[in-house]
Amino acid sequence: MILEKIHSPEDVRALPKAQLPELCREIRSFLVENVSRTGGHLASNLGAVELTVAIHRVFDTSRDRLVFDVGHQCYVHKALTGRQELFSTLRQFGGLSGFPKPRESVHDAFIAGHASNSVSVALGMARARTLQKQDYHVLALIGDGALSGGLAYEGLNNAGESGEPLIVILNDNGMSINPNVGAMSEHLSRLRSRPAYYHFKKWYRGIFGANPQKKWLYRFNHRVKTALKKSLLPTSSLFEDMGFTYLGPIDGHDLERLCTVLEWAGELHGPVLVHVKTVKGKGYPYAERNPGKFHGVGPFDVETGLPKKSSGESFSSVFGKTLVECAARDQRVCAITAAMEDGTGLTEFARTFPERFFDVAIAEGHAVSMAAGLAAQGMIPVVALYSTFLQRAYDMLIHDVSLQRLHVVLAVDRAGLVGADGETHHGCFDALFLPEIPGFTVYCPANFAEERSMLKEAVFRCDGPAAVRYPRGGEGNFREDTSGPVAVRLREGGDVTLLTYGTLIEQTLAAAELLEQRGIAAEVVKLNQISPLNVELIGDFFGNMKCLLAVEDSFGAGCVGQRVASILAEAGKAPDKLVLKNLCKTYAPEGTVAQLQKMIGLDAGSIAEAAAEAIGK
């Protein structure tokens, strides 16, 4: 096999052209075989095979900087840069990350787990190159989905104006920006990507553009050409108006043509946008027919395309069903998400109430601001976002929602540790920043029953901004609905108080059982909401405590445990000792949630050991 002999991009560049189609076929088989075992992002990588091979044929990513956007389309890149043998560990604890990581390889220029930042990052690298008087190429590989984020246009606008040599490759895998018109458009796009055209354009610009006597002719011809091109290639005018030289659209599966265009782009010494049309899921029929389903998948059967394990009910699906009930009850209820209809459980809502469902693409800040507008006019908007992406809307939460105490409800999905997607996707900040925004009520259900109750309370009984935060996946063994009061005492005990919220109640109750076996009586207190918290709400709830141990899957500074201890101290009930079990300042890697909890010390055994040590037993 050709792929087995590829250990670095040098091997890719050394291959005869005749062997490249077979290499691409082998890469696709390699991807399907490995992702079917580990799970991961499949369809986007299948569509980027020829494009990635072309990049490594033309550029040297050990020196040239390649910035992905989003990074889940980096699997082919990793396979070609010495990491094939690690694919059996893809997205597993201690294994190969599913996103670019500079610590893994010199070929990974930048971490890329969130969308729309590649052009800005690449422009920074290009400017650093110029200031340091160095010589290398800088490329941003951005998908059309990521191009729906406003940050991408901020970067494009500034990059085009800068004049910096920079290549932006737009991987357009079906969500076309602007449909090109007719046979003439296709003919011109093919003409513009031929070597003869490039060489003629370079010669013409040098002869006429640089000659003062002939510059008037160059400007006149340029205006005529631009007018014609805008009528026939509308997409090109968008980018050329920003200051880019536009090349394309190019067939993203024509490897020879891709290499030619990328070589030309590298010679232009200015901002260049290469528009590449690809087929998401190409080469694996099930992924081609349903690229959305195979965007991010768990282990599946290659022959049938079916998952090896049924996903079952989840917090996301329960949220979606409950919100449908809310919308049927009140016509003011509407749903907003940012390119995550299926992931957030809103597919049924979109089908049942299409006029009240809004997918705003990758634009979390816009989603929150639009929700504020809806709420200001009397609607009840529910914004469903993953916790890690909610971070991108922080300013809007303060300025557009909190200042006016608008009734916007956030459904914060994937809160806490999420598992295989790793450090870029864990939801470990929302429990810190949401309670600090004035007026927010933040609910933390521990099971499906509480999620239903708390969502309905947030929608129908809150009169200001509210958030319901819940993890990825299903519920555990704790099924009692204790929603209602701010806090509940689930277990009595005088030696140590264990405090937690959300689904970590599972590990906390199990830790109390382990402590009981050691003769230690542990009180267990569960918070149903982490904001608001004050002396009036919880001051009388806690007695005098020897030790308070707070269990959280968030970072340490400003965590709930610190806030509760401060409130108790204000009431003259400060615990003799405070112990915080959380992530401290550590970004959790890839792995199962159980593995990560064990590593961080949030499993039952570690919690019990910390409690026993804290009280000297």
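Let's start with one pair of residues: Ile 169 has Val 274 of strand β5 as its bridge partner. Keep in mind that this is a predicted model. From that pair we can look at the strands around β5, and then move on to a five-stranded sheet elsewhere in the numbering.

**Strand β5 and its neighbours**

- Strand β3, which covers residues 166-172, runs parallel to β5, and seven bridges join the two.
- Strand β4 spans residues 245-251 and also pairs with β5 in the parallel sense, here over five bridges.
- Within this second pairing you can look up Thr 245, whose bridge partner in β5 is Val 272.
- To get from β4 to β5, the chain passes through helix α12 (residues 255-267), and this β-α-β crossover is right-handed.

**How enclosed is β5?**

- Strand β5 is made up of residues 271-277, and six of these seven residues are buried, so the strand is largely enclosed by the rest of the structure.
- Here is a handy idea to carry along as you look at strands: in a regular one, side chains alternate between the two faces of the sheet.

**The five-stranded sheet**

- This sheet is open, its pairing is mixed, and its strands come in the order β12-β14-β13-β16-β17.
- At the edges sit β12 (487-491) and β17 (577-581), each of which pairs on one side only.
- From one strand to the next, the twist averages 25 degrees.
- The edge strand β12 runs antiparallel to β14 (residues 522-527), with four bridges joining them.
- One residue to find in the viewer is Arg 491, which has Val 524 of β14 as its bridge partner.

Notes. Residues are numbered from 1 along each chain as its sequence is written. This is a predicted model: local features need pLDDT of at least 70, side-chain atom pairs count only at pLDDT 80 or more; totals for chains, interfaces and linings use all residues. Side-chain values use heavy atoms; hydrogens and water are left out. Buried means under 20% relative accessible area, exposed over 50%, partly exposed in between (1.4 Å probe, protein chains only). Two strands pair if DSSP finds at least two bridges between them. A crossover is right-handed if, with the strands pointing away from the viewer, the path from the first strand over the helix to the second runs clockwise. Axes are lines fitted to C-alpha atoms, for helices over the stretch in contact, and angles run from 0 to 180 degrees between N-to-C directions.
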